[in-house]
Number of protein chains: 2
Amino acid sequence: MGVSLRDVALLAGVSVKTVSNVVNGYAHVSPATRAKVERALSQLDYRPNLSARNLRLGRTGVIALALPELDAPYFAELSRFVIDAAAEQRWLVVIEQTDGSLRRERQVLDGVRDHRVDGVILSPVSIGAEELAARTDDAALVLLGERIYDGPADHVAIDNVRAARDVTEHLIGLGRRRIAALGAQDNSISGTAPLRLAGYAEAMAAHGLPQTIAEVERYRRAEGAAAMARLLAAPEAPDAVFCFNDLLALGAMRTILAAGLRVPEDVALAGLDDIEDGRYSTPTLTTVAPDKAQLARIAVDLLRARLDGRAAGPPREVRADYRLVVRESTAGRVRG
Amino acid sequence: MGVSLRDVALLAGVSVKTVSNVVNGYAHVSPATRAKVERALSQLDYRPNLSARNLRLGRTGVIALALPELDAPYFAELSRFVIDAAAEQRWLVVIEQTDGSLRRERQVLDGVRDHRVDGVILSPVSIGAEELAARTDDAALVLLGERIYDGPADHVAIDNVRAARDVTEHLIGLGRRRIAALGAQDNSISGTAPLRLAGYAEAMAAHGLPQTIAEVERYRRAEGAAAMARLLAAPEAPDAVFCFNDLLALGAMRTILAAGLRVPEDVALAGLDDIEDGRYSTPTLTTVAPDKAQLARIAVDLLRARLDGRAAGPPREVRADYRLVVRESTAGRVRG
DNA sequence: CTGAAAGCGCTTACAG
DNA sequence: CTGAAAGCGCTTACAG
């Protein structure tokens, strides 16, 4: 294959153990021996075989990041931070796309048992809390960004209810009264949709305002555009819409503008995720910005704690920060 | 660790070799033995230890996909297809972000020598053809989406010169005359910028039109917005702009609209990449759509051929398909 | 401070 | 058709 410890040991005239000691930076190696070994190491350009090390150590040095779809900007941006945070632990990150399907979410979890990855950071859509809680393997698992109740595993997310309430209050504060929620979902067991809907409903109820709810299957632009068309066709069209993510909002924006209406004059629009697209759309998009770097870092830290065996206790529940970012789609335009 | 072949063999009352034969689906196992083994297999819920198999086979079953940044939509969309194509080979894909830096591009290549991955699909920015050609390790490597001359490795990309010419011809055909190119780069050794610039220049020269060139450092929205502001401030503002990718175009669009000008009436705009954002912007964005699924599949196929040892010959150069997609940013709006 | 040896779990000639 | 055994390259008690 390549150069092995044995080759280096032979050349340096020492044992394999000694070479291993030097490679792994252990103390108690005499300077003379160390120098000899290091000369041989560089002469042969030795690189440890990670497969062998992993077999011996029972680790792969690889973690899986499982998310519905990599090409949704929110997940792509989040992945970037997860990969960076993992790199600091010298972990490689394998990306697995579940499409939100139960079968594939289960498959990802099995990857740990196949010794392909040491642990999994999962952004769950379909898998239920009971199933996760019933898992017998002790695979390191961190749930990211969705809310599964009863903590079957470590979990990090923003407070979705509060964030949704903040957005809705912002729209109400602008004087809007016919405020629709776009993005409710029927099929989501563990998703955020019910939480965001709850936050919206809380705020609307607190002000005695009627609720209008538009459902979608998936959080993509096309669905936002279609749902918005349905809202506009209704007898009482909304004067503001809180979309449950930015992609839905950008799709909705397209529909509104293409219909010859103005944003925000006719319809104010807010999203959630703070993807880059919304910072350059016209008008720019008001949104909730989760601290993605923080989310990623916490997820990696939680996983590391489990893998180190430092945390053997009950699942931990961590909240990440977010902030409301008001832009033109609700506040109106400023000519540049 | 877990259940090993030995455990299964003990329970089934056969040798390890026989269990291995069954697990790997080899022929010539008597039905009776096979049944016995399979019973033991499922009783113990055996899962092969991939680390051990990999050590033995000298393979990891993992490939690296190295690209500048995952959160650029083009790369996120491409990654999705690469992961899917790799999954069909039962490969896992580790994503590495180079930020276009030479150091990190080199690091990725070293990953093969560390036996962390079997091969690499690299979207190069900084690394030069000479350096790649000078590599002594025989790591499987496929170059994706950029043009490096003299084929130091297998390579797949669209014909960037021709695509750029097509876009420019389209703008000329619309009657535009002051057509600027936005996205030229100074620092790119291996990048596509010179190729796209060449295509633009060819078309402009063919029609005797003057060339205007705006440079950027990186292909992001912010840079497109800033470069467009510079173009608008010039004495002869352009009536059309060919941006070297869609992100630049979307940034430029923001600047034009924020300045109170119209797209395409005042300035027509075209990009390249066909990212989803451009299909929902207002106006929608004219662009070149590379066949991303095809690019990904070819890249994976090229890598597989190298790893199988089927292809030991000289590097292969493959062209992927693309098409010009005319939308509102050049053709004008249709009210919905 | 250093060495000889076992063993992680798998695959694969080599016998029979 | 099946088995006993070697070996992939590493780490780690166990001696000395």
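**Two protein chains, two DNA strands**

Reader: How far is a backbone N or O atom of Leu5(A) from a phosphate oxygen of DNA strand D?

Author: The distance is 2.5 Å. That is a polar contact, meaning a pair of N or O atoms within 3.5 Å; within protein, one must be able to donate a hydrogen and the other to accept it, and residues adjacent in sequence count only if both atoms are side-chain atoms.

Reader: What kind of model is this?

Author: A predicted one, where local features need pLDDT of at least 70 and side-chain atom pairs count only at pLDDT 80 or more, while totals for chains, interfaces and linings use all residues. Residues are numbered from 1 along each chain as its sequence is written, chains are lettered from A and ligands numbered from 1 in the order in which they are written, and side-chain values use heavy atoms, with hydrogens and water left out.

Reader: OK, back to strand D. What else lies by a phosphate oxygen there?

Author: Two residues of chain B. Ser15(B) has a backbone N or O atom 2.9 Å from a phosphate oxygen of DNA strand D. Thr18(B) uses a polar side-chain atom, at 2.5 Å.

Reader: How many residues are around DNA strand D?

Author: There are 26, and the ones that come nearest are Leu5(A), Tyr46(A), Arg56(A), Thr18(B) and Thr33(B). Of the atoms of DNA strand D within 4 Å of the protein, 69% belong to sugar and phosphate. A residue counts as near a strand or molecule if one of its heavy atoms lies within 4 Å of it.

Reader: Which helix gives the most to that surface?

Author: H4(A), with five residues. Helices H2 (16-23) and H4 (50-57) of chain A and helices H2 (16-23) and H4 (50-57) of chain B each supply at least two. These are DSSP runs numbered from the N terminus: helices are H or I with at least four residues, strands are E with at least two.

Reader: And the mix of residue classes near strand D?

Author: Twelve nonpolar, nine polar and five charged. Ala, Val, Leu, Ile, Met, Phe, Trp, Tyr, Cys and Pro count as nonpolar, Asp, Glu, Lys and Arg as charged, and the others, Gly among them, as polar.

Reader: Switch strands. Which residues are closest to DNA strand C?

Author: Thr18(A), Thr33(A), Leu5(B), Tyr46(B) and Arg56(B), out of 26 that surround DNA strand C. Sugar and phosphate make up 68% of the strand C atoms within 4 Å of the protein.

Reader: Which side chains lie by a base of strand C?

Author: Arg56(A) and Arg56(B) are among them. A polar side-chain atom of Arg56(A) is 3.3 Å from a base nitrogen. A side-chain N or O atom of Arg56(B) is 2.4 Å from a base oxygen. H2 and H4 of both chain A and chain B give two or more residues to the surface near DNA strand C.

Reader: Which element has the largest share there?

Author: H4(B), with five residues.

Reader: New topic. How many residues does each chain put into the contact between A and B?

Author: Chain A gives 58 and chain B gives 57. Contact means heavy atoms within 4.5 Å. Together the chains bury about 5,200 Å², 51% of it on carbon and sulfur atoms. Buried area is the accessible area (1.4 Å probe) that two parts lose on being put together, summed over both.

Reader: How many salt bridges cross that interface?

Author: Twelve. The rule asks for a side-chain nitrogen of Lys or Arg within 4 Å of a carboxyl oxygen of Asp or Glu. One joins Arg221(B) to Glu276(A), with closest N and O atoms 2.4 Å apart. The side of chain B that touches chain A has 23 charged, 19 nonpolar and 15 polar residues.

Reader: What about domains in chain A?

Author: The assignment gives domain 1 (5-48), domain 2 (59-158 + 292-321) and domain 3 (160-290 + 324-331). Such bounds come from an automatic or database domain assignment. The C-alpha centres of domains 1 and 3 of chain A are 62 Å apart.

Reader: Is the bond from Thr282(A) to Pro283(A) cis or trans?

Author: Cis, with omega near -5°. Pro283(A) sits in the loop between helix H12 (277-280) and strand S10 (287-290) of chain A. In chain B, a cis peptide bond joins Val263(B) and Pro264(B), with omega about 10°.

Reader: Where is Asp45(B)?

Author: In the loop between helix H3 (31-44) and H4 of chain B. Its phi is near 55°, a positive value in a residue other than glycine.
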